[in-house]
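Please open the structure in a viewer and keep the selection tool at hand. The tour below proceeds by selections, each followed by a description of what is found there.

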Amino acid sequence: MAAIPDGIVLKRHRDLEGRRNHAWVRRTLIVLVGLVPLLALFNLFGQRPHLANAQSAKADLELYAPGHLRGGLLWEARFTITAHRDLKDARLELDKGWLEGMTANTIEPSPVGEGSHDGKLVLDLGHVPVGQRYILFMQFQVNPTNVGRRPQNVRLYDGDTFLTTMHRRVTIFP
Amino acid sequence: MDLAIRAVALFGFVYLLTRIIGRRELSSMEPFDLILLIVIGDAIQQGLTQDDYSVTGAVIVIGTFAVLQILVSYLSYRFPRLRPALDGEPIVVVQDGQAIEKNMKRERITLGEVMVEARLQQVSQLDDIAWAVLETSGKISIIPKQ
């Protein structure tokens, strides 16, 4: 047998003694790394939007928006208010999670007025006649430093009269 | 601060990838590997700096990477027990002209690849190889018989 090269220990480097588990560790890590894109296919990391509804006798509120986002993403929330009765002064009240660490690029159509109620953003949408739908588009971009889970509850009012609420949270991945 | 955290996270992820992908894949540079390298670099850059175009941001990221690289090499030097995990270990794939199949299978190396390396080192026959060792860099060292 040729002389064993310096630095080579046959038991360790040829017979792989004490290294038999290494291959399994490596395979496990490969599976874990491969799991990330697989989970992404199932929308775990965003940004596929989904529908949420809240009903009341006077009006229904529907929201189409993603619940999972990532830093830097452009995304849209679409609010649809369907009036079963005349709404004299429809108002949406949004939790601060809607704007905290987000850049609001546009709100269309522009609300009649904006305000703040107990730290929440209030959008005054004006009159929604009975049987009609009011669709509000809001477009945002996630600021790169915005990470974590934030409440994004939405409340619908007619003037000062509470109609319905929608509970939701958004999860933002780095 | 988040720039440094992102740099640490991505350094760890890339380091992990280089350790688990397999050393042969890392040492070869086929045309597709070159494209892959550019795409990975671009994806990492976007995740790292995002909308930060500042010189300060670049200095933070490069500084973090440099410190981590020095830290890894220091740990490898100072603590030999960590060396197999951080740098890997050589594997003997041919001894006395005999291929060690289980070791080659483990590292997904064919006899053809070993012989390519052998020819590059002026060894034409498998029988003439005393030792072929897959090094931690992914290169195969060929030691011919005397």
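The stops that follow begin with the whole of one chain and then turn to its parts and to its partner chain.

**The whole of chain A**

The model shown is a predicted one. Select chain A, which has 2 helices and 13 strands. Its C-alpha atoms fill a box of roughly 95 × 25 × 25 Å along the principal axes. For a compact globule of 174 residues, a radius of gyration near 16 Å would be expected, but that of chain A is 26 Å. Buried residues account for 21% of the 174 residues. Of the contacts in chain A with a separation of 6 or more, 66% join residues 24 or more positions apart.

**Helix H2 of chain A**

Next, select residues 20-41 of chain A, which form helix H2. How far apart are the end C-alpha atoms of this helix? They are 33 Å apart, which agrees with the 32 Å that 22 residues should span at 1.5 Å a residue. Center the view on Leu35(A), where H2(A) has a kink of about 25 degrees. The proline Pro37(A) follows shortly after this kink.

Color the helix by burial, and H2(A) proves to be hardly covered: the count of buried residues among its 22 residues is 0. Just beyond H2(A) lies Asn43(A), with a positive phi of about 65 degrees.

**Where chain A meets chain B**

Now show chain B as well. The contact takes 17 residues from chain A and 21 residues from chain B. On the side of chain A that touches chain B, helix H1 (10-14) and H2 each supply at least two residues. H2(A) gives the most to that side, with 5 residues.

**The loops on either side of H2**

Select Leu16(A), which is found in the loop between H1 and H2 of chain A. Its phi is near 60 degrees, a positive value in a residue other than glycine. Most residues other than glycine have a negative phi, and most peptide bonds are trans. Is Leu16(A) partly exposed or buried? Leu16(A) is partly exposed, because 18 other C-beta atoms lie within 10 Å, and a residue counts as buried at 20 or more.

Move to Gly46(A) and Gln47(A), which are joined by a cis peptide bond with an omega of about -5 degrees. Gln47(A) is found in the loop between H2 and E1 of chain A.

**Strands E1, E2 and E4**

Select residues 49-55 of chain A, strand E1, together with residues 59-66, strand E2. E1(A) and E2(A) form a hairpin with 3 residues between them. The two strands run antiparallel and are joined by 7 bridges. Within this pair, Ala52(A) stands opposite Leu63(A) in E2(A).

Display the side chains of E2(A). In a regular strand the side chains alternate between the two faces of the sheet. Which residues form the covered face of E2(A)? They are Ala59(A), Leu61(A), Leu63(A) and Ala65(A), while the uncovered face has Asp60(A), Glu62(A), Tyr64(A) and Pro66(A).

Add strand E4, residues 74-83 of chain A, which runs antiparallel to E2(A) and is joined to it by 6 bridges. Here Tyr64(A) stands opposite Arg78(A) in E4(A).

**The open sheet of five strands**

Select the open sheet of 5 strands in chain A, whose order is E7-E8-E5-E11-E12 with antiparallel pairing. Strand E7 (113-117) and strand E12 (161-166) stand at the edges, each with a single partner strand, so one side of each is left without a neighbour in the sheet. Neighbouring strands of this sheet are turned by 25 degrees against each other on average, direction ignored.

Within the sheet, highlight strand E5 (residues 87-94) and strand E8 (residues 120-128) of chain A, which pair in the antiparallel sense over 6 bridges. The bridge partner of Glu93(A) in E8(A) is Val122(A).

Follow the chain to Glu108(A) and Pro109(A), where a cis peptide bond has an omega of about -10 degrees. Pro109(A) is found in the loop between strand E6 (102-108) and E7 of chain A.

**A last stop in chain B**

Finally, select Arg108(B), found in the loop between helix H6 (101-106) and helix H7 (111-120) of chain B. Arg108(B) has a positive phi of about 55 degrees although it is not a glycine. This residue is exposed, with 11 other C-beta atoms within 10 Å.

Notes
Residues are numbered from 1 along each chain as its sequence is written. Chains are lettered from A and ligands numbered from 1 in the order in which they are written. This is a predicted model: local features need pLDDT of at least 70, side-chain atom pairs count only at pLDDT 80 or more; totals for chains, interfaces and linings use all residues. Helices (H or I, at least four residues) and strands (E, at least two) are DSSP runs, numbered from the N terminus. The radius of gyration is taken over C-alpha atoms; the globule rule is 2.2 Å times the number of residues to the power 0.38. A residue is buried if 20 or more other C-beta atoms lie within 10 Å of its own, exposed if 12 or fewer, and partly exposed in between; C-beta atoms are placed from the backbone. Two residues are in contact if their C-beta atoms, placed from the backbone, lie within 7 Å. Two strands pair if DSSP finds at least two bridges between them. Axes are lines fitted to C-alpha atoms, for helices over the stretch in contact, and angles run from 0 to 180 degrees between N-to-C directions. The expected span of a helix is 1.5 Å times one less than its number of residues. The bend at a residue is the angle between axes fitted to the seven residues ending there and the seven starting there.
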